[in-house]
Amino acid sequence: MEGILAGTVALRLLLAAGLTLALILVLVALRFLFTRATQRVDDRLLHSRWALAIQDMELMSAANLRRGLCFLLGAAHMFAALFAVYLYIPFMLGLFPGTEPLALPLAQYFVTPLTQLWQALVDYLPSLVSMLVILFYAWLILKLLYVVKVALQKRYLTLPDFRPEWSEPTYKILRFLVLALTLAMVVPLLPGADSPAFKGVSLFVGAMVTLGSTTAMGNITSGIVLIYTRAFNVGDMVRVGEAFGEVVERSLVATRIKTPKHEIVTIPNSSVLSSQVTNYSDRSESPAHLVHVQVSIGYDVDWRTVHQLMVAAAQDTALIDPVPEPFVLQKGMGDFSVSYEINAYTRASAQLPQIYSELMQHVLDRFAQADIEILSPAYTAIRDGNRRTTPST
């Protein structure tokens with residue numbers, strides 16, 4: 001009997017040694033595998049320039065992704081090692097009569113949650129299938145919208161009264177609506193969607209979005225209106241309120257204008273929609289832009305002379321087009337002077353500030369050479385009132 005007991009004890013000790021050796025081997029193997037995995041992540045992402053971004057806003061860089069993956073691998077390594085130790089302890093306790101009663105309850109602490117988790121997965125399977133079907137149809141619709149957008153841009157497909165430049169913003173709007181509808185259909189199918197905590201978080205997020213998005217939604221609505229009214233395009237020279245320059249970016253929220261002084265002015269679309277917009281690059285009616293400068297000349301100067309001087313000043317300006325020819329308009333007859341306006345055409349709308357400056361310089365030069373005073377602003381002078389101021393004909 002004692003021999004049998006001794007053999008049983010020796011066998012159990014041998015099994016315990018085998019389990020211990022197996023645990024050590026498993027821990028070594030886990031360390032080797034996770035170390036190799038971490039090295040591969042470092043090799044792939046250490047010098048990578050990959051970045052997840054939305055337009056110009058970077059959401060995640062390669063360095064941040066590398067740190068995140070390394071952290072997840074480290075956490076998985078720790079969990080796997082603890083799991084191996086947790087399995088080792090009940091088996092080890094079950095080998096000896098004195099500790100065998102502790103083995104079953106300790107094993108149940110692990111088996112019971114796994115059983116409950118498996119049953120929850122089986123019960124959730126119909127909702128999971130429904131969610132996957134919804135996501136598949138959403139993906140299919142987005143792919144179809146993208147194909148239609150490309151076809152419209154390349155004019156493979158044409159729609160009545162629909163311009164190709166509208167395809168990109170229309171695609172983005174429809175994509176947002178599809179994603180929002182998909183989210184509204186998928187969220188109720190998520191695990192725990194009926195729990196009070198999930199409902200409370202949903203109400204809180206909804207309230208925050210509602211309170212914080214009033215101005216943003218106004219800008220987005222204005223941006224959509226601006227797109228389909230064709231007020232301007234990227235690259236056009238425009239004046240919006242006090243801002244003048246080239247449109248360098250147009251989004252659903254704001255419009256960015258680069259001034260001649262290379263200043264970037266960002267204007268909310270709601271402000272753009274409520275302001276007067278002057279597009280100097282619109283070529284739908286005329287291929288050239290009309291520049292004009294107004295001066296006031298006394299009644300003693302023949303209007304024909306004024307016309308000749310102002311036309312000559314326009315012809316002296318470098319970027320003024322010779323055809324159509326510059327022309328002068330009489331704008332008004334005041335108490336002390338007559339208002340004249342020189343009008344000339346130019347196709348260089350991007351250089352309007354320089355053109356206006358040069359045109360004014362030549363107007364000043366021409367009238368100075370002819371010894372004719374420009375009465376702007378008006379001033380008071382003592383003169384002989386008996387002499388007539390009408391020009392000789």
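The following exchange works through how several labels in this predicted model follow from its computed values.

Me: What makes the contact between Glu 249 and Arg 256 a salt bridge?

Reply: The side chains of Glu 249 and Arg 256 meet at 2.9 Å, N to O, and a side-chain nitrogen of Arg within 4 Å of a carboxyl oxygen of Glu is what the term requires, so the pair qualifies. The structure holds four salt bridges, and this pair is one of them.

Me: Why is Glu 249 called partly exposed?

Reply: Glu 249 has a relative accessible area of 24%, and since buried means under 20% and exposed means over 50%, with partly exposed in between, the middle label applies. Its partner Arg 256, with 30%, is also partly exposed.

Me: How do you know that Asp 316 and Arg 366 tie together parts that are apart in sequence?

Reply: The side chains of Asp 316 and Arg 366 meet in a salt bridge of 3.0 Å, N to O. Asp 316 lies in helix α8 (residues 303-316) and Arg 366 in helix α9 (residues 352-369), so the bridge joins parts that are 50 residues apart in sequence. Asp 316 is partly exposed at 35% relative accessibility, and Arg 366 is partly exposed at 27%.

Me: Which parts of the chain does the salt bridge between Asp 321 and Arg 347 tie together, and why do the two residues carry the labels they do?

Reply: Here the side chains meet at 2.8 Å, N to O. Asp 321 lies in the loop between α8 and β9 (327-333), while Arg 347 lies in the loop between β10 (337-346) and α9, so the pair ties together parts that are 26 residues apart in sequence. Asp 321 has 13% relative accessibility and counts as buried, because buried means under 20%; Arg 347, at 46%, counts as partly exposed, because that value is not over the 50% needed for exposed.

Me: Why is the pair of Tyr 146 and Tyr 171 called edge-to-face?

Reply: The ring centres of Tyr 146 and Tyr 171 are 6.0 Å apart and the planes stand at 65°; rings pair if their centres lie within 6.5 Å, and planes over 60 degrees apart count as edge-to-face, so both conditions are met. The pair links distant parts of the chain, with Tyr 146 in helix α3 and Tyr 171 in helix α4 (residues 167-186), 25 residues apart. Tyr 146 is partly exposed at 41%, whereas Tyr 171 counts as buried at 11%.

Me: What makes Lys 149 a charge over the face of Tyr 171?

Reply: Lys 149 lies over that face at 4.8 Å from the ring centre, and the distance part of the criterion asks for NZ of Lys within 6 Å of the ring centre, so the value satisfies that part.

Me: Why can Leu 140 belong to a nonpolar patch on the surface?

Reply: Leu 140, in helix α3 (residues 100-153), has a relative accessible area of 41%, and patches are made of residues with over 30%, so Leu 140 passes that cut-off. Leu 125, Val 129, Val 133, Phe 136, Tyr 137 and Trp 139 form the patch together with Leu 140, with about 690 Å² of accessible area together. Among these patch residues, Phe 136, Tyr 137 and Trp 139 form one aromatic cluster.

Note on methods: Residues are numbered from 1 along each chain as its sequence is written. This is a predicted model: local features need pLDDT of at least 70, side-chain atom pairs count only at pLDDT 80 or more; totals for chains, interfaces and linings use all residues. Side-chain values use heavy atoms; hydrogens and water are left out. Patches are made of residues with over 30% relative accessible area and no salt bridge: like charges are joined within 9 Å, nonpolar side chains (Val, Leu, Ile, Met, Phe, Trp, Tyr) within 5 Å. Accessible areas come from the Shrake-Rupley method with a 1.4 Å probe; for residues, only the protein chains shown count as cover. Helices (H or I, at least four residues) and strands (E, at least two) are DSSP runs, numbered from the N terminus. Buried means under 20% relative accessible area, exposed over 50%, partly exposed in between (1.4 Å probe, protein chains only). Rings of Phe, Tyr and Trp (its six-membered ring) pair if their centres lie within 6.5 Å; planes under 30 degrees apart count as stacked, over 60 as edge-to-face and the rest as tilted. A charge sits over a ring if NZ of Lys or CZ of Arg is within 6 Å of the ring centre and within 35 degrees of the ring normal.
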